[in-house]
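Please take a moment with the sequence and the model below before reading on. The paragraphs that follow start from a single residue and widen from there.

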Amino acid sequence: MKKNTLLFSALLSLGVAHQAMADDSLAQVKSSGELKIGTEGTYAPFTYHTISGDLTGFDVDIARGIAQQLHVKPVFVEGKWDGLIAGLDAKRYDVVINEVGITPAREQKYDFSQPYIASKAVVIVKNSNDSIHSFADLKGKNAAQSLTSNYGQLARDAGANLISTDGFNQSIDLVVQGRADATVNDRISFLDFKKHRPDAPVKIVASQDNASASGVLLRKGETSLQQAINNALTQMKKDGSYQRISEKYFGEDVSK
C-alpha cells in the first residue's frame, strides 16, 4: 500500500511537472521581454500604415496596450492574411491580433482571449428614408450588397432585391445616390466610415441581435499566456485605456 501511494505521488508530481513544462508560454514571453504579434498591416482601420509608414490601427493599439500590461515590448510581425494563422503554427510569433473572428471551427484547433471587439449586421439607409425601420421592412426593397457576402444573404433572407456592388463604399454610394433603398452591412465598418465622412447623409435604422466577436488568437493549451492577456484586457477596460482606443477609431465603445 505504501509503495503504491509513493508511486501514485511520483506519477502525480511528474504529471504536474509535465503540465508546467508544456505551458510555459507566459514565462517565455516574460523571459524574452517581447510579445511577438502577427498582423497584416494592410487592413484599415484595424492594422495599417500611415503615410509616413508607421504601423497603426485599432488592433495595433490594443496589442500595444496588452504588451504594456504584461510589461514587455510589442514586436509586430507582418504578413498576408492567408498565412497569418500558419505563422502562429510555425511559432513565428506568440499571438495573432488581426480581427480574427471567434468561430467554432477555429476553437477546435486554437484558443482565444476574451472578445475585445464585437460587431453586428446593421441596416443602413439614407437620412431622408422613413419607410425602413427593421430587417423586415427590406422586403421588396432594393439593397446594395456584395452578392457572396453574409450581409448579402441576410438582405436576401429579408426579401430584398439585391443590387450587386464591389463592397461597403460602393454600397453606401448607391444608397446616397438613391439607386438603392438600403444596404445591410457591418456596424464597425459604418462607424469607421462616419469617422471619415461625418456629413454623409446615411444612418443605421436596425441592428441584428447577435454580434460576431473577435479575440486574440493563441496556440492551443497556452493557458498561462491566455489568462495573462485576458487579465490585461480586463485591466484596460477598467483603467479607461480601451475606451480611449475605441473612441479614437470608432467614436464609441465597440467591445459589445
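**From one buried threonine outward**

In this predicted model, Thr183 has a relative accessibility of 0% and therefore counts as buried, the limit for that word being under 20%. Thr183 belongs to strand 11, which covers residues 183-186. Its side chain carries a polar atom that lies 2.7 Å from the backbone oxygen of Ala144. Setting aside residues up to four places away in sequence, Thr183 touches Val122, Val123, Ile124, Ala144, Gln145, Ser171, Ile172 and Val175.

Several of those partners lead on to helix 7, which runs over residues 168-176 and whose buried residues are Phe168, Ser171, Ile172, Leu174 and Val175. Around the helix axis these residues cover an arc of only 160°, which means that they sit on the same side of helix 7. As a general point, an α-helix has 3.6 residues a turn, so residues three or four places apart point the same way. The cover over the buried residues of helix 7 includes strand 8 (121-126), strand 9 (142-145), strand 10 (161-164) and strand 11, together with helix 8 and strand 12 (202-207). Just after helix 7 comes Gly178, which takes a positive phi of about 80°.

Within helix 7, Val175 can be followed in more detail. Val175 has a relative accessible area of 1% and is buried. When residues up to four places away in sequence are not counted, Val175 touches Ile124, Val125, Lys126, Ala180, Asp181, Ala182, Thr183 and Val202. To place Val175 against another part of the chain, one may take Gly38, which is 137 residues away along the chain and whose C-alpha atom is separated from that of Val175 by 36 Å.

Which residues of helix 10, spanning residues 241-250, are buried? They are Ser241, Tyr242, Ile245, Ser246, Tyr249 and Phe250. Seen down the axis of helix 10, these buried residues fall within an arc of 135°, so they line one face of the helix. What covers them includes strand 2 (48-49), strand 3 (55-56), helix 3 (58-70), strand 7 (117-119), helix 8 (187-196) and helix 9 (223-239). Helix 8 is thus named among the cover of helix 10, and it is also named among the cover of helix 7. Helix 10 is followed by Gly251, which has a positive phi, near 80°.

From Ser241 one can also look back to Leu26, a residue 215 places away in sequence, with 23 Å between the two C-alpha atoms. Leu26 has its place in helix 2, made up of residues 25-32. Apart from its neighbours within four places in sequence, Leu26 is in contact with Ser224, Leu225 and Ala228.

With these places in mind, the whole chain can be described. The protein chain has 10 helices and 14 strands, and its C-alpha atoms fill a box of roughly 80 × 50 × 35 Å along the principal axes. Of its 256 residues, 43% count as buried. Among the contacts with a separation of 6 or more, 68% are made by residues 24 or more positions apart. The accessible surface comes to about 13500 Å², and 51% of that surface belongs to carbon and sulfur atoms. As for charge, the chain holds 29 positive and 29 negative charges, and the mean positions of the two sets are 4 Å apart.

Conventions. Residues are numbered from 1 along each chain as its sequence is written. This is a predicted model: local features need pLDDT of at least 70, side-chain atom pairs count only at pLDDT 80 or more; totals for chains, interfaces and linings use all residues. Side-chain values use heavy atoms; hydrogens and water are left out. Helices (H or I, at least four residues) and strands (E, at least two) are DSSP runs, numbered from the N terminus. Buried means under 20% relative accessible area, exposed over 50%, partly exposed in between (1.4 Å probe, protein chains only). Contact means heavy atoms within 4.5 Å. Accessible areas come from the Shrake-Rupley method with a 1.4 Å probe; for residues, only the protein chains shown count as cover. Lys and Arg count as positive and Asp and Glu as negative; His and the chain ends are not counted. The place of a charge is taken as NZ of Lys, CZ of Arg, CG of Asp or CD of Glu. The arc is that of the directions from the helix axis to the C-beta atoms. A polar contact is a pair of N or O atoms within 3.5 Å; within protein, one must be able to donate a hydrogen and the other to accept it, and residues adjacent in sequence count only if both atoms are side-chain atoms.
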